[in-house]
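Open the structure in your viewer and keep the selection tool at hand. We will go from stop to stop, choosing something to select and then looking at what is there.

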Amino acid sequence: MLAETICSAVSAAGLGIAALTAYRKRFLAATRIAAYSLVPVGLVMTGVVQWAAGIVFNPTVWAGFAVLGLAWLLFMTTRAIERRGLGAGEGQGARKRSKVTKGRPAQEAVAPAASAPSLGDGARPRPTQAAAPAEDFSDIEAILKKHGI
């Protein structure tokens, strides 16, 4: 009941602001404000506000969210452990057995050097050394003398 009253008051205030905006001859903005201010009343009329208030003030719903959060936390923890390779079922022996298939070691899908870029003969043009900044401050001295410094 309180949520419906608050939504109605917000809509009334929004419609008042829209009327003032329309009085200033800004009709496009006034129409947009009126549209936004009618949304809370529409939500009350459709029952969305009552449904949301039932979720927010129901402790069973919050307990359900807590259980979902715990399930997500457990899932993400097991994924992190699995990615680090610390799984309980995969000790050193299990890892070695997975790499060996029928007595042969597993071959890599791509040769290690295959991802290196081909640069031709490998000779890179060396950047030319830029001329060291000259110790010639004659132009600066001329400017300073011009200003009497």
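Before the first stop, one definition: the expected span of a helix is 1.5 Å times one less than its number of residues. Keep in mind, too, that this is a predicted model.

**Stop 1: the whole chain**

Show everything as a cartoon. You should find six helices and two strands. Starting at the N terminus, the order of elements is α-α-α-α-α-β-β-α. The chain has 149 residues, and 8% of them count as buried. Among contacts between residues at least 6 apart in sequence, 37% join residues at least 24 apart.

**Stop 2: helix α1**

Select residues 2-23, which form helix α1. Now use the rule from the start: at 1.5 Å a residue, these 22 residues should span 32 Å, and the end C-alpha atoms are indeed 32 Å apart, so the two values agree.

Next, color Cys7, Ser11, Gly14, Ala18 and Thr21, the buried residues of α1. Turn the model until you look down the axis of α1: these buried residues fall within an arc of 80°, so they line one face of the helix. Why does such a spacing give a face? An α-helix has 3.6 residues a turn, so residues three or four places apart point the same way.

What does the face turned away from the buried side of α1 carry? Select Leu2, Leu20 and Tyr23, which are exposed and sit on that face. The buried residues, for their part, pack against α2 (27-46) and α3 (48-56).

**Stop 3: Ser11**

Zoom in on Ser11, in helix α1. Is Ser11 buried or exposed? With a relative accessibility of 2%, Ser11 counts as buried, because buried means under 20%. Leaving aside residues up to four places away in sequence, Ser11 touches Ser37, Leu38, Pro40 and Val41.

**Stop 4: the loop after α1**

Move on to Lys25, in the loop between α1 and α2. Most residues other than glycine have a negative phi. Lys25 has a positive phi of about 70° although it is not a glycine. Lys25 is also exposed, with a relative accessible area of 65%.

**Stop 5: α1 beside α2**

Show α1 and α2 together. Two packed helices are described by the angle between their axes and the distance between the axes. Here the axes of α1 and α2 come within 8 Å and cross at roughly 170°. That angle makes α1 roughly antiparallel to α2.

To see the contact itself, show side chains on both helices. On the α1 side, the residues taking part include Glu4, Val10, Leu15 and Ile17. On the α2 side, they include Phe27, Ile33, Leu38 and Val44. The residues of this contact divide into 15 nonpolar, five polar and one charged.

**Stop 6: Arg32**

Finish in helix α2, where you can select Arg32. Arg32 counts as partly exposed, at 46% relative accessibility. Draw a distance line from its C-alpha to that of Ala18: how far apart are Arg32 and Ala18 in space? The two C-alpha atoms are 8.1 Å apart, while Arg32 and Ala18 are 14 residues apart in sequence.

Methods: Residues numbered from 1 in each chain as written. Heavy atoms only, no water. Helix = DSSP H or I, 4+ residues; strand = E, 2+ residues; numbered from the N terminus. Buried < 20%, exposed > 50% of the residue type's maximum accessible area, 1.4 Å probe, protein only. Arc of directions from axis to C-beta. Contact = heavy atoms within 4.5 Å. Axes fitted to C-alpha atoms, helices over the stretch in contact; angles between N-to-C directions. Parallel < 35°, antiparallel > 145°, perpendicular 65-115°, else oblique. Nonpolar A, V, L, I, M, F, W, Y, C, P; charged D, E, K, R; others polar.
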